[in-house]
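Please look through the sequence and the model shown here before reading on. The explanation is meant to be followed with the structure open beside the text.

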Amino acid sequence: MAEGFDVLVGDQSNDRMDMLKAFDETKAGVKGLTDLGLPKIPKIFVRPSEELAEELPHKNTHKIQVPVIDLSGVFQDADRRRQIVEEVRIASETSGFFQVVNHGVPLSVLDGMIEGVREFNEQDVEEKKKYYSRDRTRNVRFNSSYDLFTSRTASWRDSLTISFSGPDETDPQDLPSPCRISAVEYSKHMEILGNTLLGLLSEGLGLKTDHLKNMECSQGHRLHCHYYPACPEPELAIGTTKHSDAGFLTILLQNQITSGLQVLCQGQWIDIHPVLGGLVVNIGDLLQLVSNGKFRSNEHRAITSRIGPRISVACFFSGPVNGAKIYGPIEELISKENPAMYTEVVLSEYVQKFFATALEKYRALDDYKV
Ligand code: OGA
Ligand code: NI
């Protein structure tokens with residue numbers, strides 16, 4: 001058995017930190033564990049019993065869905081655009097989630113991105129290990145759970161993060177070869193679509209189309225490419241724990257294999273089923289803040305399944321990475337009747353706070369409530 005794995009299987013150590021370290025040091029991620037063909041998941045991935053006992057009702061149904069918004073005609077037809085803005089506004093004010101189709105990103109680019117992530121994760125483990133790192137200054141890094149050492153439960157996923165926001169613009173040669181071409185191509189499309197969506201969201205707030213773009217909300221973005229291997233005990237594990245996204249906006253691509261993404265709506269988990277050619281869009285905490293609470297950043301998670309791998313690529317728009325910007329509720333949205341609900345945020349401080357704690361434990365946004 002590969003070095004390090006022996007601490008995680010069979011007669012497991014009682015020291016959680018020892019096990020986490022052993023797992024991290026394999027640099028092989030959850031995929032490395034599943035390649036051993038384990039019938040049970042190691043303890044570090046088992047959610048605490050009190051958390052499992054509190055599991056909320058989950059309607060596994062196709063009846064309740066976040067809206068699927070067709071973007072065709074968004075630049076050609078003013079009436080159509082008004083209708084789309086209205087649909088985007090309503091979704092952003094309620095669940096904070098919607099899917100888009102006919103968004104202009106070719107299916108071949110979506111498929112290429114998924115396949116690139118698959119190939120990266122399924123290649124020889126020695127190749128992957130070269131990218132294994134927890135150093136956030138690196139534009140390209142691969143690891144299993146960025147909050148592995150602070151979270152209650154280790155997540156059943158491996159992630160490759162690619163930052164297209166500098167400080168030095170990412171050199172394609174730094175990207176792993178299996179997804180080099182596809183990630184660069186995908187990133188270009190994300191920038192365009194991100195700005196299209198920010199335009200619609202600005203209009204939905206009653207502002208000029210360029211308002212959010214001019215605030216540099218879409219300056220740079222990060223791709224978090226998640227690989228969720230099939231899990232032998234999905235009811236005990238979690239893929240991505242409950243959280244809200246900290247940035248402005250997230251665009252998420254998921255493969256067609258199985259549902260995994262769920263959003264918390266009125267006390268129940270709603271599946272966001274993959275739609276062919278569709279992309280999931282959700283509002284992040286910073287957009288909730290600048291919209292003065294009008295748009296909602298909702299909690300969501302990814303569950304695991306016996307079917308896999310599930311692959312998703314989250315593109316985060318979180319403002320300029322140098323962190324020099326200060327964000328507060330947009331002036332036009334503040335009035336006597338609608339006083340500011342949040343104080344100003346220094347982006348660099350906010351990001352620091354976010355990474356200092358585990359995803360499930362803390363929402364930096366709460367520190368800025370008036
Ligand atoms: C995220 C996220 C969900 C998924 O990366 O923030 O919510 O389906 N991912 O991978
Ligand atoms: Ni998320």
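The paragraphs below go through an annotated domain, a metal site, some backbone details and a helix pair.

The model is a predicted one, and a convenient place to enter it is the stretch at residues 219–320, where the UniProt record, an unreviewed entry, places the feature "domain: Fe2OG dioxygenase". Over these residues the chain is 41% strand and 6% helix, and the C-alpha atoms at the two ends of the stretch are 5 Å apart.

The metal site comes next. The nickel ion (ligand 2) is coordinated at 2.1 Å by the NE2 atoms of His243 and His300 together with OD of Asp245, and along the sequence these donor residues follow the spacing H-x1-D-x54-H. Because His243 belongs to strand E7 (residues 240–243) whereas His300 belongs to strand E12 (residues 300–302), the pair ties together parts of the chain that are 57 residues apart in sequence. Both of these histidines, His243 and His300, are buried.

Several backbone details can then be placed relative to the strands. The loop between E12 and strand E13 (310–317) contains Pro309, and the peptide bond that leads from Gly308 into Pro309 is cis, its omega being near 0°. On the other side of E12, in the loop that joins helix H9 (285–290) to this strand, lies Asn292, whose phi is positive, near 55°, although the residue is something other than glycine. A positive phi is also found at Gln266, about 45°, again in a residue that is not a glycine; Gln266 sits in the loop between strand E9 (261–265) and strand E10 (268–271).

Are these two residues buried or exposed? Asn292 has a relative accessible area of 7% and is therefore buried, since the cut-off is under 20%. Gln266, with 83% relative accessibility, counts as exposed because the value is over 50%.

The remaining part of the picture is a pair of helices. Helix H4 (residues 78–93) packs with helix H7 (residues 180–204) at an angle of about 80°, and their axes are 9 Å apart; H4 is therefore roughly perpendicular to H7. On the H4 side the contact is made by Arg81, Ile84, Val85, Val88, Arg89 and Ser92, which meet Gly199, Leu200, Leu201, Glu203 and Gly204 of H7. Sorted by class, this contact of H4 with H7 has five nonpolar residues, three polar ones and three charged ones.

Note on methods:
Residues numbered from 1 in each chain as written. Chains lettered and ligands numbered in written order. Predicted model: local features only at pLDDT ≥ 70, side-chain atom pairs only at ≥ 80, totals over all residues. Heavy atoms only, no water. UniProt positions renumbered as here; feature names shortened; annotations may be inferred. Helix = DSSP H or I, 4+ residues; strand = E, 2+ residues; numbered from the N terminus. Axes fitted to C-alpha atoms, helices over the stretch in contact; angles between N-to-C directions. Parallel < 35°, antiparallel > 145°, perpendicular 65-115°, else oblique. Contact = heavy atoms within 4.5 Å. Nonpolar A, V, L, I, M, F, W, Y, C, P; charged D, E, K, R; others polar. Donors = N, O, S within 2.8 Å, 3.2 Å for Na, K, Ca; no water. Buried < 20%, exposed > 50% of the residue type's maximum accessible area, 1.4 Å probe, protein only.
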